[in-house]
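Hi there,

I'm passing a structure on to you, with a few notes to read alongside it. Have a look around it first, and then come back to the text below.

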Amino acid sequence: MSYDANILRRATLRLEQERRVRREETDRRWRAACAQVPRLAELDRRIQGTMAGLVAATLRQGGDPVEAVRAVREENQGLRRERAVLLEAMCLPEDALDDKPACPLCRDTGWQGASMCRCLKELCAQEQIKELSKLL
């Protein structure tokens with residue numbers, strides 16, 4: 001089913017707004033948790049750094065890249081375990097500070113390849129109902 005361009009635009013704007021609100025809430029939770037336990041911020045920086053290290057290790061010439069990747073992966077897992085322990089001590093789940101999309105199918109883009117995702121279709125249907133309600 002194709003939707004009127006105005007309906008699609010409004011639905012897309014709603015999807016973007018919902019994504020922005022979720023991201024802001026996740027950022028707020030992260031800042032609050034890091035204010036309570038500053039080590040979390042350090043761990044997150046180091047985890048991101050190990051990911052860069054993993055890429056560098058795979059591209060590095062010489063040495064054994066398999067061993068370098070293994071070492072980086074082990075370091076990353078250790079950092080993640082420590083992060084999980086700190087979050088558990090705060091009575092938070094391991095993924096409480098992760099930015100998770102509302103729709104796992106399209107990751108909140110509204111599209112799966114060239115096809116409209118069901119989450120965007122639902123928003124379009126809601127916008128269409130609003131439009132029809134105005135006419136009645």
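Below is what I found, starting with a pocket and ending with a residue elsewhere in the chain. Please keep in mind that this is a predicted model.

The largest pocket has a volume of about 230 Å³. Which helices help to build its lining? H2 (39–59) and H3 each supply at least two of the lining residues, and H2 gives the most, with five. Among the residues around this pocket are Trp 30, Asp 44, Arg 45, Arg 80, Arg 83 and Asp 99. Sorted by class, the lining has six charged residues, four nonpolar ones and one polar one.

Arg 83 deserves a second look. You can find Arg 83 in helix H3, which covers residues 65–89. Is Arg 83 buried or exposed? Its relative accessible area is 7%, and because buried means under 20%, Arg 83 counts as buried. Leaving out residues up to four places away in sequence, Arg 83 touches Leu 40, Leu 43, Asp 44, Ile 47, Glu 94, Leu 97 and Asp 98. Asp 44, Ile 47, Leu 97 and Asp 98 also appear in the lining of the largest pocket.

Now for Leu 8, which is part of helix H1 (residues 5–36). With a relative accessibility of 24%, Leu 8 is partly exposed. Beyond residues up to four places away in sequence, the contacts of Leu 8 are Met 116, Leu 120 and Cys 124. From Leu 8 to the pocket residue Asp 99, the C-alpha to C-alpha distance is 25 Å, with their positions 91 residues apart in sequence.

Enjoy exploring!

Note on methods
Residues numbered from 1 in each chain as written. Predicted model: local features only at pLDDT ≥ 70, side-chain atom pairs only at ≥ 80, totals over all residues. Heavy atoms only, no water. Helix = DSSP H or I, 4+ residues; strand = E, 2+ residues; numbered from the N terminus. Buried < 20%, exposed > 50% of the residue type's maximum accessible area, 1.4 Å probe, protein only. Contact = heavy atoms within 4.5 Å. 1 Å grid on protein atoms, 1.4 Å probe; cavity = no way out; pocket = protein on both sides within 12 Å on 5 of 7 lines; lining within 4 Å. Points joined across faces, edges and corners; volume = space filled by probe spheres on them. Nonpolar A, V, L, I, M, F, W, Y, C, P; charged D, E, K, R; others polar.
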